[in-house]
Structures are given as C-alpha cells and as structure tokens.
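Work through the exercises below with the sequence and the model open. Try each task before reading its solution.

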Amino acid sequence: MEQTFFIIKPDAIKRGLVGQILSRVERRGFVIRDLNMMTATEDLVAKHYEHLTDKPFFPLLVDYMTSGPVIAGILEGPEVVKSWRDMMGATNPVNALPGTIRGDFATAPIDGIVANVVHGSDSIEAAHREIALWLGK
C-alpha cells in the first residue's frame, strides 16, 4: 500500500482544526500510520524546504513553520500521494477550491506568509525522504 507524509501546520493547530482535518482523512478511507506532535526546528525546516532556501520568502516560511507545534504523520492508502494532494487543494489558499482542506480552512496570504494549514509529499520519493527526515523511519 502506498504511503505519504503529511503535516498539519501551526496555523491549523492554533485554530483548532486538527480534528476536522483528521476526520476528512479517515472519511476518505486512508489509514493513519503515524502521528507525532512536535515543534519543528529551523534546521529541520531548512532541510525539508532546501529547494526554497534561496527564495526571498524563505525566512517567512521558517518563521511560520516554527511558530508553534505541528503534527507530522504518515498516511496509507491506494494512490494516497495524489489523493492527499487533491484533498489539500492548491498551495496558495487563494487558488484552493471550496471542498479542499485549504479551500475550506486556509486564509489568503498575510504579509507574505502563506499559512496553508497542511503539507503533503508531492511524490513517492519525496514521501520516503520526508518520512525519514521528520519521523526517522
């Protein structure tokens, strides 16, 4: 069975959205294989988003991802990488369709910060890398 990595980000936790997000995961039929609440370090965020370190918004991204606890986990199910990404919606909440997690819960960028509630791996290879990085598995 395919696995993917996901994060429920600090803004979702602060706003009390964890239960609603996990409920959608369960209703979709995915199996939650691992959940870990943690506060991400700057180093961890830099390794996770290493492809973005030269972007002007990178410091804002680090501030956002380290602003409070996150929930990192593993989802399992058929074609879960694509299905989870479809459920999340567009990265920028402005473009996320209603019915997606970001379309229903995320806010438009404020002061350059895209607080988009959730993350999901964009490929099976990325899922393996991110699971190892965040969960040590």
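**Exercise 1. Place Met 1 and decide whether it is buried or exposed.**

Solution. The model is predicted.
Step 1: Met 1 sits in the segment before strand E1.
Step 2: its relative accessible area is 72%. The cut-off for exposed is over 50%, so Met 1 counts as exposed.
Step 3: look beyond the neighbours within four places in sequence. There Met 1 is in contact with Glu 76, Gly 77 and Pro 78.
Step 4: check a C-alpha distance. Met 1 and Val 80 are 79 residues apart along the chain, and their C-alpha atoms are separated by 8.7 Å.

**Exercise 2. Find the strands that pair with E1, and state the sense of each pairing.**

Solution. Step 1: E1 covers residues 3-8, and five of its six residues are buried.
Step 2: strand E3, residues 70-76, pairs with E1 in the antiparallel sense over six bridges. In this pairing Phe 6 stands opposite Gly 73.
Step 3: strand E4, residues 118-120, also pairs with E1 in the antiparallel sense, over three bridges. Here Ile 7 is opposite His 119.

**Exercise 3. Classify the packing of helices H2 and H5.**

Solution. Step 1: H2 spans residues 18-28 and H5 spans residues 80-88. Their axes are 12 Å apart, at an angle of about 135 degrees.
Step 2: roughly antiparallel would need an angle over 145 degrees, and roughly perpendicular runs from 65 to 115. The angle fits neither class, so H2 is oblique to H5.
Step 3: the crossing of the two helices is right-handed.
Step 4: list the contact residues. H2 supplies Ile 21, Arg 24, Val 25 and Arg 28. H5 supplies Ser 83, Trp 84 and Met 87.

**Exercise 4. Examine the phi values of Glu 79 and Asp 111, and locate both residues.**

Solution. Step 1: recall the background. Most residues other than glycine have a negative phi.
Step 2: Glu 79 has a positive phi, near 50 degrees. Glu 79 lies in the loop between E3 and H5. With a relative accessible area of 56%, Glu 79 is exposed.
Step 3: Asp 111 has a positive phi of about 55 degrees and is not a glycine. Asp 111 belongs to the loop between helix H6 (101-105) and E4. Its relative accessible area is 71%, so Asp 111 is exposed.

**Exercise 5. State which residues the UniProt domain annotation covers, and describe that span.**

Solution. Step 1: an unreviewed UniProt entry annotates residues 1-136 as "domain: Nucleoside diphosphate kinase-like".
Step 2: the span is 42% helix and 18% strand.
Step 3: its end C-alpha atoms lie 20 Å apart.

Key: Residues are numbered from 1 along each chain as its sequence is written. This is a predicted model: local features need pLDDT of at least 70, side-chain atom pairs count only at pLDDT 80 or more; totals for chains, interfaces and linings use all residues. Side-chain values use heavy atoms; hydrogens and water are left out. UniProt positions are given in the numbering used here, feature names are shortened, and annotations may be inferred rather than shown by experiment. Helices (H or I, at least four residues) and strands (E, at least two) are DSSP runs, numbered from the N terminus. Buried means under 20% relative accessible area, exposed over 50%, partly exposed in between (1.4 Å probe, protein chains only). Two strands pair if DSSP finds at least two bridges between them. Axes are lines fitted to C-alpha atoms, for helices over the stretch in contact, and angles run from 0 to 180 degrees between N-to-C directions. Angles under 35 degrees count as roughly parallel, over 145 as roughly antiparallel, 65 to 115 as roughly perpendicular and the rest as oblique. A crossing is left-handed if the near helix is turned anticlockwise from the far one by less than a right angle, and right-handed if clockwise. Contact means heavy atoms within 4.5 Å.
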